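This report is written for a reader at the bench who wants to follow the packing, charge pairs, ring contacts and strand pairing of one protein chain. The sequence and the structure come first, and the reading of them follows.

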Amino acid sequence: MSVTGTSVEERARYLAGIERLAASHVLHGSESLCKLLRYLAEHSLQNPGVPVKEYQIATEVFGRPADFDPHLDSAIRVQAGRLRVKLAEYYSSEGEEDPVLVELPKGTYTLSFHPRLINSKPRTDGGGQEKQGRKRARHILLYWSAGVLALSILLAAGVAALVVGWENRTHVTSLSARPVAPAVFRTFWKGFVSRPAEPWVIFSNAAFIGRPETGMRYRNPTSDSTSLILDHYTGVGEVLAVHELDRVFHLLNREVRVKRGSLFSLDDAKNNDLIFVGSPAENLSLRDIPMNQRFVFQRVDSGTRKGELAVANLHAKSGEPAYFIGSPPHVALSEDYAVVALTRGMNPTESVLMLAGSTTIGTQAAVEYVCHEDSLAQLLSRLSVPPNGELKPFEVVLHVRVARGVPVESEIVAVRTEEDN
């Protein structure tokens with residue numbers, strides 16, 4: 001039946017049917033099909049009579065780029081066909097007595113909902129009155145359960161209306177209960193999610209020599225020129241950092257492409273937004289990309305800390321040190337320094353973000369700083385970026401406190417923007 005003019009009770013009953021489908025054994029493990037099902041249900045109920053386009057599904061559900069051409073790519077038609085098969089399988093097995101029948105007619109992406117009527121006519125196929133009675137009882141129980149669920153949904157909607165002002169909402173909350181990205185996320189990451197192509201996340205994997213079982217060390221290009229290079233190891237901070245970035249972009253309904261630094265090429269840098277995880281000491285591909293100009297990773301060239309990696313303050317302001325340097329290598333790591341720097345890419349319309357610490361723990365802290373709402377709000381405040389404002393190139397140094405190998409507190413100790421000379 002058409003969903004035009006459906007009552008609130010009917011709508012709630014239809015949504016309950018969608019959730020039963022998504023939780024069924026038939027669709028268990030098919031996350032993409034559940035996502036498609038919920039999207040089509042929400043569109044059909046929220047926009048009755050308005051057909052959904054294949055292009056909409058491709059870009060809004062499956063994250064395809066803006067240049068997606070349904071005439072050249074049949075992926076959405078294939079997914080819709082799979083969903084039709086699953087619906088038929090469900091209603092011929094565990095859903096054979098569902099009070100609502102959901103269909104996806106061929107040639108359309110609009111779901112139709114059909115309430116099932118209780119069949120009061122006695123069966124004549126030998127099932128007997130007792131079996132018929134049990135079936136009718138199950139029908140009644142299903143309708144009663146659906147009614148209770150519908151009332152529960154309506155009650156929850158009413159409570160939400162009192163809390164957030166239902167009259168000001170412009171759309172129905174997503175059935176999948178996906179958390180809404182905080183406003184500061186949308187401001188900071190706007191440049192990375194507003195363009196068609198997913199950004200690259202390039203994580204560091206430094207060149208080592210040796211073997212894990214006998215001991216590894218960083219490769220010295222001068223003395224280790226003939227040694228076998230191991231370039232498939234990375235720090236725990238980088239691993240956790242990539243996970244954090246993936247979580248944030250999921251909230252923003254986008255994906256990222258991940259590549260290790262040793263496989264990154266300059267061709268990848270052209271016409272792509274880039275997020276580098278790890279300092280140039282380990283993420284060697286950073287050395288080929290125009291990057292920060294004020295806070296750079298360098299080896300200390302004199303004094304008691306000579307040879308140690310630090311953040312050099314190339315244009316120190318009054319009261320600032322020439323180097324930001326963490327714990328010495330011979331003691332337990334208790335403090336580190338990290339850099340968060342945004343600049344324009346090789347193509348000025350693209351963005352490059354560096355998130356790096358002197359150690360792998362500092363790198364983790366830099367990423368967490370731009371992936372957590374409270375700290376990101378502090379950063380935007382220090383950069384004087386208003387809500388939904390434009391984020392311009394900047395460089396920031398973080399002081400990171402570490403306890404038992406975990407970054408526990410980070411604070412901004414130096415800031416540079418385009419306005420600084």
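The text below takes up the nonpolar cores, the salt bridges, the aromatic rings and the strands in turn, for what is a predicted model.

**Nonpolar cores**

In soluble globular proteins, nonpolar side chains tend to be buried together. The largest nonpolar core here has 43 residues, and the members that touch the most other members are F188, W189, I275 and L379. Helix α8, which covers residues 236-251, gives the most to this core, with six residues. If residues up to four places away in sequence are left out, I275 touches W189, F192, W200, V201, I202, L245, F249, L353 and L355. Another core, of 33 residues, lies apart from this one, and V26, L27, F68 and L83 are among its members.

**Salt bridges**

Side chains of opposite charge can pair when their charged atoms come close. Twelve salt bridges are found when the whole structure is searched, and the table gives three of them.

| Salt bridge | N to O distance | Relative accessibility |
|---|---|---|
| R20 with D98 | 3.5 Å | R20 24%, D98 5% |
| R195 with E350 | 3.3 Å | R195 22%, E350 11% |
| R294 with E395 | 3.8 Å | R294 18%, E395 6% |

R20 forms its salt bridge with D98. Because R20 lies in helix α1 (residues 8-22) and D98 in the loop between α4 (75-91) and β1 (100-103), this pair ties together parts that are 78 residues apart in sequence. R20 is partly exposed, whereas D98 counts as buried.

R195 and E350 form another salt bridge. The pair links distant parts of the chain, with R195 in the loop between α7 (190-193) and β3 (200-203) and E350 in the loop between β11 (335-344) and β12 (351-357), 155 residues apart. R195 counts as partly exposed at 22% relative accessibility, while E350, at 11%, counts as buried. R195 and E350 are also linked with D273 in a network of salt bridges.

The side chains of E395 and R294 meet in a salt bridge as well. Here E395 sits in strand β13 (residues 394-403) and R294 in the loop between β7 (274-277) and β8 (295-299), so that the pair links distant parts of the chain, 101 residues apart. E395 is buried, with a relative accessible area of 6%, and R294 counts as buried at 18% relative accessibility.

**Aromatic rings**

Eight aromatic pairs are found in the whole structure. The rings of Y14 and F113 are stacked, because their centres are 4.7 Å apart and their planes stand at 15°. Y14 belongs to helix α1 and F113 to strand β2 (residues 112-115), and this pair links distant parts of the chain, 99 residues apart. Both Y14 and F113 are buried. Elsewhere, ring pairs link F188, W189, F192, F249 and F394 into a cluster. A charged side chain also meets a ring: K259 lies over the face of W200, at 4.7 Å from the ring centre.

**Strands and their pairing**

How many of the seven residues of β12 are buried? Seven of the seven are, so β12 is largely enclosed by the rest of the structure. Both of its faces are covered, with S351, L353, L355 and G357 buried on one side and V352, M354 and A356 buried on the other. β12 pairs with β7 in the parallel sense over four bridges, and L274 stands opposite V352 in β12. β11 is joined to β12 by seven bridges and runs antiparallel to it, with A338 opposite G357 in β12. β11 and β12 form a hairpin with six residues between them.

β13 and strand β14 (residues 406-417) run antiparallel and are joined by ten bridges, and V400 stands opposite S410 in β14. These two strands, β13 and β14, form a hairpin with two residues between them, and R404 in the turn has a positive phi of about 55°.

Three strands form an open sheet in the order β8-β9-β10, with antiparallel pairing. β8 and β10 (323-324) stand at the edges, each with a single partner strand, so one side of each is left without a neighbour in the sheet. Strand β9 (residues 309-313) pairs with β10 over two bridges, and A312 stands opposite Y323 in β10.

Methods. Residues are numbered from 1 along each chain as its sequence is written. This is a predicted model: local features need pLDDT of at least 70, side-chain atom pairs count only at pLDDT 80 or more; totals for chains, interfaces and linings use all residues. Side-chain values use heavy atoms; hydrogens and water are left out. A nonpolar core is a set of buried Ala, Val, Leu, Ile, Met, Phe, Trp, Tyr and Cys residues joined through side-chain atoms within 4.5 Å. Buried means under 20% relative accessible area, exposed over 50%, partly exposed in between (1.4 Å probe, protein chains only). Contact means heavy atoms within 4.5 Å. A salt bridge is a side-chain nitrogen of Lys or Arg within 4 Å of a carboxyl oxygen of Asp or Glu. Two strands pair if DSSP finds at least two bridges between them. Rings of Phe, Tyr and Trp (its six-membered ring) pair if their centres lie within 6.5 Å; planes under 30 degrees apart count as stacked, over 60 as edge-to-face and the rest as tilted. A charge sits over a ring if NZ of Lys or CZ of Arg is within 6 Å of the ring centre and within 35 degrees of the ring normal.
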